[in-house]
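The following note sets out some points on helix packing and on one pocket. Please read the points alongside the sequence and the model.

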Amino acid sequence: MRILTKYIIEKYLKNFIIILLSLEIFFVGIDFLQNFKSLPQSANLQLLYIFYNGFFTLTLTLPLSIVFAWITTLIILIKNNEYVAFYSLGAKKGDIFLPVLSLGLIFLFILIVLQMTPLAYSYEQKKKILENEYFSSTKSDIFLKYNDNFVYFQKLFPLEKKAENIHIFKIDGKDVIETIVAQKAYFQNNKWYVVDAKVTTKPKDIDMNSKLTIRYEKFLNTLDGFQPKILDNVYEARNESSLLDAINAMFLLEKQGVNTSKIRGNIYNQLFVPFFVIPILFLVFAYSSLNSRFFRLGTFVSFGIFGTLIIWGIFFFLYKITSSGVLNPELSLLLPIAIWFTLAFYIYKIKIKTI
């Protein structure tokens, strides 16, 4: 059945590429025309805007294209009587469906890998271009708790991985036992390097002769793992971030006793929600027809397309609710996905027996 597998893969890939490009051009083109007057005059920035918007749109269009391409492929096979011919030659259901399922999973894994890269911040980058802030990435007056420290950055430069006017207060219970003050700090090797720091230390045993100890350090490293991009995300209260940054932020904030429901929701949305299309592939296959004479094309296409959009809309709605902090992400995202998979495969098993 290698010839059959190759044939189906070629058919499906052709339809997938056409549909994906069509959806990308449609969504990116509409957005570009709507915001054309607000974009900078620079052609380079306009191209960057299209590029970032293209990847941001890909998170939507790729899962939808996986399903729409499968629907289109099945329609072509049924209408040309190729579908029934495959079964006549001894092909099994798995010989027809498994190549498409494998490709769908590969595409989804590629999407997940891409969201581990800086491309995950495409929406942020295109928004900066639109607001003429692409070349500025300064954040001001950041004050956060990290382990036994309270950290204040007057200015943070996330892209340059540096900060200015730094104050670090080391806490023991309710007492401030040490302060570090410096004008500049740089993030390298997963830690902050403070330059020309003034360190003031409170004595452990306080008596009449006790006094503060002040020393000056030319180069001091501290705050291991306190990444600038995580700082930026927390400061902006941003839900969308790269998968790796979201995971790092979750572990960091959990150690500080901070609620991580929004970050967990973002992780689940990138890792698990795109796979909502897999049960749809099974259902589309189960509800297809062997014979073109009895094939209800309009009903098949309508239920396939609108059903996919409805399921996607439900998970999008659940993610938005989760992002607001109203619901626990395990209950609002993971549980519905598990229910959807269970229900879809139950319907598939019942329906496939009648084919």
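1. In this predicted model, the axes of α9 and α11 lie 9 Å apart and form an angle of about 15°. Because angles under 35 degrees count as roughly parallel, α9 is roughly parallel to α11. The crossing of these two helices, α9 and α11, is left-handed.

2. Which residues make up the contact between α9 and α11? From α9, the participants are Ile278, Pro279, Ile280, Phe282, Leu283, Phe285 and Ala286. Their counterparts in α11 are Trp340, Phe341, Ala344, Phe345, Ile347, Tyr348, Lys351 and Ile352. Sorted by class, the contact of α9 with α11 holds 14 nonpolar residues, no polar residues and one charged residue.

3. The second largest pocket should be considered together with this helix pair. The space in the second largest pocket amounts to about 510 Å³. Its lining consists of 19 residues, of which Leu283, Val284, Tyr287, Phe303 and Gly304 are the closest to the centre of the pocket. Leu283 also belongs to the α9 side of the contact with α11.

4. Which elements give two or more residues to the lining of the second largest pocket? They are α9 (277–286), α10 (297–323) and α11 (329–352). The largest share of that lining comes from α10, with seven residues.

5. As to the character of the lining of the second largest pocket, 12 of its residues are nonpolar, six are polar and one is charged. The contact of α9 with α11, by comparison, has no polar residues.

Technical notes: Residues are numbered from 1 along each chain as its sequence is written. This is a predicted model: local features need pLDDT of at least 70, side-chain atom pairs count only at pLDDT 80 or more; totals for chains, interfaces and linings use all residues. Side-chain values use heavy atoms; hydrogens and water are left out. On a 1 Å grid over the protein atoms alone, a cavity is a set of points where a 1.4 Å probe fits but cannot get out, and a pocket is an open set with protein on both sides within 12 Å along at least five of seven lines; lining residues have an atom within 4 Å of a point. Grid points are joined across faces, edges and corners, and a volume is the space filled by probe spheres set on the points. Helices (H or I, at least four residues) and strands (E, at least two) are DSSP runs, numbered from the N terminus. Ala, Val, Leu, Ile, Met, Phe, Trp, Tyr, Cys and Pro count as nonpolar, Asp, Glu, Lys and Arg as charged, and the others, Gly among them, as polar. Axes are lines fitted to C-alpha atoms, for helices over the stretch in contact, and angles run from 0 to 180 degrees between N-to-C directions. Angles under 35 degrees count as roughly parallel, over 145 as roughly antiparallel, 65 to 115 as roughly perpendicular and the rest as oblique. A crossing is left-handed if the near helix is turned anticlockwise from the far one by less than a right angle, and right-handed if clockwise. Contact means heavy atoms within 4.5 Å.
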